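Visitor: Please take one part of this model and go through it closely, in words a first-year student can follow. I would like to know how two helices meet and what lies around them.

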Amino acid sequence: MANFEDAIKLVLRNEDPHLSGIVTEDSGGRTRFGIAERFHPELGEEFYFGWTDAALEAARDIYRLEYWRAIRGDGILDQRIATKMLDMAVNMGVRQAIVLCQRAVNGLRQIHLAEDGVCGPQTLAAINGCDSSALTAHLREACACFYQHLAAVRPEAQQYLHGWLARARA
């Protein structure tokens, strides 16, 4: 079974490589450890300007509750797949990450999962039934295509493309 502690290391490295806790501004407003104010207005000033360790722990809790659970990370057998799925969910949203995974599984296994963005029992079983190396490769490619499309249709997102493509390969 996959482990959240192993998976979160990649996500945090992508969101704040040095775990500095520096607050940045992006389309989500103030952001710390990858947690954007736009999506978590309840966190308030203390999260953004309080103790780094407390903010990091709060971010880890959000990642576990809102992303890891949604992708059913504890039920994914392969750590690489679970880690990639968590990173995708954090960066592009849970629904989009699961849809891309369902699409990849459908292509690999030649089955028909509903591409509904929900990781239910059928999706989880299908993920676990895939060759992990092949699925990981498909997920990386799906991420790259998603990011390239996003940058093409949203010119203001072009500035992020290089970083997104590096993230897709991780």
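Guide: What follows goes from the whole chain to one helix pair, and then to some other places for context. The model is predicted, so local features need pLDDT of at least 70 and side-chain atom pairs pLDDT 80 or more, while totals for chains, interfaces and linings use all residues. Residues are numbered from 1 along each chain as its sequence is written, and side-chain values use heavy atoms, with hydrogens and water left out.

The protein has 8 helices and 3 strands (DSSP runs numbered from the N terminus: helices are H or I with at least four residues, strands are E with at least two). Along the sequence they follow the pattern α-β-β-β-α-α-α-α-α-α-α. The radius of gyration is 16 Å, which agrees with the value near 15 Å for a compact globule of 170 residues (taken over C-alpha atoms; the rule is 2.2 Å times the number of residues to the power 0.38). Along the principal axes, the C-alpha atoms fill a box of roughly 50 × 35 × 25 Å. Of the 170 residues, 47% are buried (under 20% relative accessible area; exposed is over 50%, partly exposed in between, with a 1.4 Å probe and protein chains only).

Now the part itself. Helix α1 covers residues 4-15 and helix α3 covers residues 52-68; they pack at about 115°, with their axes 11 Å apart (axes are lines fitted to C-alpha atoms over the stretch in contact, and angles run from 0 to 180 degrees between N-to-C directions). α1 and α3 are therefore roughly perpendicular (65 to 115 degrees; under 35 is roughly parallel, over 145 roughly antiparallel, the rest oblique). The crossing of α1 and α3 is right-handed (the near helix is turned clockwise from the far one by less than a right angle; anticlockwise is left-handed).

On the α1 side, Phe-4, Glu-5, Ala-7, Ile-8, Val-11, Leu-12 and Glu-15 take part, and they meet Leu-56, Arg-60, Tyr-63, Arg-64 and Trp-68 of α3 (contact means heavy atoms within 4.5 Å). By class, the residues of this contact are 8 nonpolar, no polar and 4 charged (Ala, Val, Leu, Ile, Met, Phe, Trp, Tyr, Cys and Pro are nonpolar; Asp, Glu, Lys and Arg are charged; the others, Gly among them, are polar).

Arg-60 belongs to α3. This arginine is buried, at 17% relative accessible area. Leaving out residues up to four places away in sequence, Arg-60 touches Phe-4, Glu-5, Ile-8 and Leu-12.

Glu-15 of α1 leads to another helix. Asn-91, in helix α4 (residues 79-92), is in contact with Glu-15, Tyr-147, Trp-164 and Arg-167, neighbours within four places aside. Asn-91 is partly exposed, at 24% relative accessibility. The C-alpha atoms of Asn-91 and Trp-164 are 8.9 Å apart, although 73 residues separate them along the chain.

Two loops complete the picture. Most residues other than glycine have a negative phi. Leu-19 lies in the loop between α1 and β1 and has a positive phi, near 50°. Arg-72 lies in the loop between α3 and α4, with a positive phi near 55°. Leu-19 is partly exposed at 38% relative accessibility, and Arg-72 is partly exposed at 33%.
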